[in-house]
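This report describes the fold of one protein chain for a reader working from its coordinates. It proceeds from a local turn to the overall architecture.

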Amino acid sequence: MSESIESKLENYFQMLDRQKLKELREQHLQESASKEKEELKNLHYMHCPKCGTKMEPIMMHNIEIDKCPDCLGIYFDNSELEQLLEIEFDKRRTLVRKIFGLK
Ligand SMILES: [Zn+2]
């Protein structure tokens, strides 16, 4: 029993359609995921993780630190904390006291 050429062609095109659909679904999923990530970033970027107030960047010793004007929380990026730790001890102590509003 042999398949007709029409039947073979039909199967072939169905297979192509399935492949194309699969690719489109995957593409759609990837686009939705990155869109969702972008929306989350826009919603949270530079907002205090504790109270949600927009944080303000402050420059201290050439290090940019993000401070919440409401709850006074401080946020350090990875490299900012590292830079702070590289400052010599006395200057660092003064700086940390200044950042946290201590005397
Ligand atoms: Zn806050």
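Which residue takes a positive phi in the hairpin of β1 and β2? The model under discussion is a predicted one. In that model the residue is H61, whose phi lies near 55° in a hairpin with 2 residues between the strands.

**The hairpin and its sheet**

H61 belongs to the loop between β1 and β2, and its positive phi occurs in a residue other than glycine. Most residues other than glycine have a negative phi. With 14 other C-beta atoms within 10 Å, H61 falls between the cut-offs of 12 or fewer for exposed and 20 or more for buried, and therefore counts as partly exposed.

The two strands that flank this loop are β1, residues 56-60, and β2, residues 63-67. Their pairing is antiparallel and extends over 5 bridges. Within this ladder, P57 is placed opposite D66 of β2. Strands of a sheet pair through backbone hydrogen bonds, in either a parallel or an antiparallel sense.

β1 and β2 are part of an open sheet of 3 strands, arranged in the order β1-β2-β3 with antiparallel pairing. The edges are formed by β1 and β3 (74-75), each of which pairs on one side only. As for burial, β1 lies largely in the open, because the number of buried residues among its 5 is 0.

**The helix α1 and the residue after it**

Helix α1 covers residues 5-44, a run of 40 residues. From its first C-alpha to its last it reaches 58 Å, close to the 58 Å expected at 1.5 Å a residue. This helix is hardly covered, since 0 of its 40 residues are buried.

After α1 comes M46, with a phi that is positive and near 60°. M46 is not a glycine, and it is located in the loop between α1 and β1. Its environment contains 12 other C-beta atoms within 10 Å; a residue with 12 or fewer is exposed, so M46 is classed as exposed.

The two residues with positive phi are set side by side below.

| Residue | Phi | Loop |
|---|---|---|
| M46 | about 60° | between α1 and β1 |
| H61 | near 55° | between β1 and β2 |

**Overall architecture**

The protein contains 3 helices and 3 strands. Read from the N terminus, these elements follow the order α-β-β-β-α-α. The radius of gyration is 28 Å, whereas the globule rule gives 13 Å for 103 residues; the protein is therefore more spread out than a compact globule. Along the principal axes, the C-alpha atoms occupy a box of roughly 95 × 30 × 20 Å.

Two domains are assigned: domain 1 spans 1-45 and domain 2 spans 56-99. The centres of domain 1 and domain 2, taken over C-alpha atoms, are 48 Å apart.

How much of the protein counts as buried? The share is 4% of the 103 residues. Among contacts with a separation of 6 or more, 18% join residues that are 24 or more positions apart.

Notes: Residues are numbered from 1 along each chain as its sequence is written. This is a predicted model: local features need pLDDT of at least 70, side-chain atom pairs count only at pLDDT 80 or more; totals for chains, interfaces and linings use all residues. Helices (H or I, at least four residues) and strands (E, at least two) are DSSP runs, numbered from the N terminus. Two strands pair if DSSP finds at least two bridges between them. Domain bounds come from an automatic or database domain assignment. The radius of gyration is taken over C-alpha atoms; the globule rule is 2.2 Å times the number of residues to the power 0.38. Two residues are in contact if their C-beta atoms, placed from the backbone, lie within 7 Å. The expected span of a helix is 1.5 Å times one less than its number of residues.
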